[in-house]
Amino acid sequence: MPARPGKHRDMKDTPTVSARTRVSILLPLPLAGAYDYAVPASMALRPGEFVSVPLNQREVIGVVWDAPAEPDPNPVPDRRLRPVSAVLPAPPMTGSLRRFIDWVAAYTLSPPGAVLRMAMSVPAALEAPTPQAGWILSPPGGNSRPRITPERQRVLDVMKAGQVHAGAPLAEAAAVSLSVLRGMAENGLIRPALLPHRSRFGRPDPAHPGPALGPEQEAAGAALRDRVAARAFGVTLLTGVTGSGKTEVYFDAVAECLRQGRQALVLLPEIALSAQWLERFKARFGVAPALWHSEVTSRTRRDTWRAVAEGEAPVVVGARSALFLPFPDLGLVIVDEEHETAFKQEDGVVYHARDMAVVRARLSQAACILVSATPSLESLTNAEGGRYAALHLPSRHGGASLPEIEIVDLRRTPPERGRFISPPIVEAVTATLGRGEQAMLFLNRRGYAPLTLCRHCGHRMRCPNCTAWLVEHRAQRRLQCHHCGHAEVPPAECPECGTANSLTAVGPGVERVLEEAAALWPDARRLVMASDTLPGPAAAAEAARAIQDREVDLIIGTQIVAKGWHFPHLTLVGVVDADLGLAGGDLRAAERTVQLLHQVAGRAGRAEAPGRVLLQSFSPDHPVMRALVSGDLDAFMQEEAAMRRPGHWPPFGRLAALIVSSEEEREADRTARDLGLAAPGGEGVQVLGPAPAPLALLRGRYRRRLLLKTRRDIAVQPILRDWLARVPVPNHVRVQVDVDPVGFL
Ligand code: ADP
Ligand code: ZN
């Protein structure tokens, strides 16, 4: 192993030759740090350049990293260094992205190479793009007179002198096969030629006419334009009721960024559901933005990565991983629906994209805008403390009113036996459909029923790999685990007592609500919107179109219906189980329930007709229900803050979770106990646990949790590093670090 972790020597006090011949290369692998390599005399390397280097028996691609601040006390001797093999023909990684990678690694306690891997997710983009060949007309003249068939004539009619035509579109335009083109080339009528490089990404036009902003919108837009024009870092929290036009307002900031000639990045929590957003962007700027998420094809990913690096994609809209794209001059980062937990990446490098967006903007001297109708307590607290600027849009666009929210007390007006929709909602839906308007039933649970049990012996169907009940998906005749993907056909007999036909569904999922709705409103055109019924962006876009074009009367959906949709004909929302998110001891359960239900409610009444929302609840006096009915979310958040402040809970203190897991329960317990014994302490530092995780078994691994809680002025990273360094962890035990956890399963 010739290359061990080592560091670049200080340029000043080492001989120049040695300084120039040694370089740190960060590899996209979970190693402790950068490796040293020798620079061949023929090569001049600058930090950021992509290079190919030998590692053991293979060649890997890495990035020339910056010299560390402190020289390595034990560097690998020069004579044992292996040389860099080649420099790749790609734009070098910018200093701001390199610093971002180092920052994310240090903050999340991840190996820098694991973070680098997210910035190098498209290795093919590092190769020089292959120029595409097409056809051009041969100059007139020549001695032979080839035969001109009608097909050939059509091709000649389509082609313009001096212009290179791509083969497939040319053949299509002339209604001939590609072999006709080849034949013409053999006869000298046309010649192959290289197509000029043309970016597939159009330039969004900031001057393209957009909607005229209302006075409140214009004031907010002007403030945002100023922030972008300042070409400096700063965060603005843009809040406003649902339907107030926040998107139109931040488009103004995007336009200013384009005028500044810098790039803009917009993060959306669920990019697969962005169809309506993309339409609006096109309407505002004339062309579509570049799109970045896991479902775009690898070819498009390569082109997009390359276009971003070359500054040819002025606006990117994407999922959290878009933060690691190689923008050479990022001027604006927007996080829409900033309160969404979907911004937290839970595996691999565990990071919160909203928080890292702020860091990325700071390192790029860019403006950052966090947007939400229901902002997180974290962002509200930052705004209150003056760290973020705050802008608020108080009313809906076009005079639309906010929907009226009422509670249906399930203790007084319960549904009929075996049903889940109470009489008040049945009546309201019937009346709404009767007026020719749309209604929505919301239940944040996929499938038919969350629990299947034996009527005879009480046995419950559970996942063999997880601490979880199996969820029935009746349409697919499956019992599914929503954590590990385990699925089985529902057995005919109880696996415990053997009684036939004794298994019964307990509780509702959206499929069951659909079944009930079909019986209640047989003539209504119904559509289920759940992540498993709308797989992928195309299906979601089609659903949104069908709703907008009034091809649907009744929508039945899970949390994906809460995400920013604009359905102008929807006037009634019925929430089947408003208490659902409140169970369990999650720190943010109340905050999250308010955010989710307020967002769902906000889908109603967005055009002329007023909206109405009915929440079914067993606890109408719960602060969450009261906040939703009064619409006074500020007061609710103040109460939340008052509850969290004294105990130093986030955002008034810091948390980091350690999740210990192993296939051997005893091993998980032993390591968790060792960590508990070595737990840090002292003023303002506290460790809770170890305790079995709520998901004590997940994908066949036993899980234990510890939670480090510190005062806000105490950083968790040095404490964690020191703690973990003192406890040996056996090979088959994993300790996952989750700084600022949002999930506690
Ligand atoms: P929010 O993001 O605050 O929920 P949106 O930006 O989605 O609100 O706006 C709600 C609806 O009102 C959208 O259909 C949007 O196109 C429309 N809208 C908002 N502002 C204007 C405006 N100034 N002129 C025309 N339409 C607008
Ligand atoms: Zn499972």
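This report describes the internal cavities and the ligand surroundings of a predicted model.

In this model, local features need pLDDT of at least 70 and side-chain atom pairs count only at pLDDT 80 or more, while totals for chains, interfaces and linings use all residues. Residues are numbered from 1 along each chain as its sequence is written, ligands are numbered from 1 in the order in which they are written, and side-chain values use heavy atoms, without hydrogens and water.

**Ligand 1**

The shell around ligand 1 has 16 residues (each with a heavy atom within 4 Å); the closest are Ala-212, Gln-217, Gly-243, Lys-246 and Arg-280. Helix α8 (residues 246-259) gives the largest share of this shell, 3 residues; helices here are DSSP runs of H or I with at least four residues, and strands are E runs of at least two.

The table lists polar contacts, pairs of N or O atoms within 3.5 Å.

| Residue | Part of residue | Distance to an oxygen atom of ligand 1 |
|---|---|---|
| Ser-244 | backbone | 3.2 Å |
| Gly-245 | backbone | 3.0 Å |
| Glu-248 | side chain | 3.2 Å |

Taken alone, ligand 1 exposes 550 Å², of which the protein buries 81% (Shrake-Rupley method, 1.4 Å probe).

**Cavities**

The structure holds 3 cavities of 30 Å³ or more. A cavity is a set of points on a 1 Å grid over the protein atoms alone where a 1.4 Å probe fits but cannot get out, and its volume is the space filled by probe spheres set on the points. The largest cavity has about 40 Å³ of space. Its lining (residues with an atom within 4 Å of a point) includes Tyr-107, His-352 and Asp-740. At least two lining residues come from each of α2 (95-108), β15 (351-352) and α11 (353-363).

Notes
1 Å grid on protein atoms, 1.4 Å probe; cavity = no way out; pocket = protein on both sides within 12 Å on 5 of 7 lines; lining within 4 Å. Polar contact = N/O pair within 3.5 Å; in protein donor to acceptor, adjacent residues only side chain to side chain.
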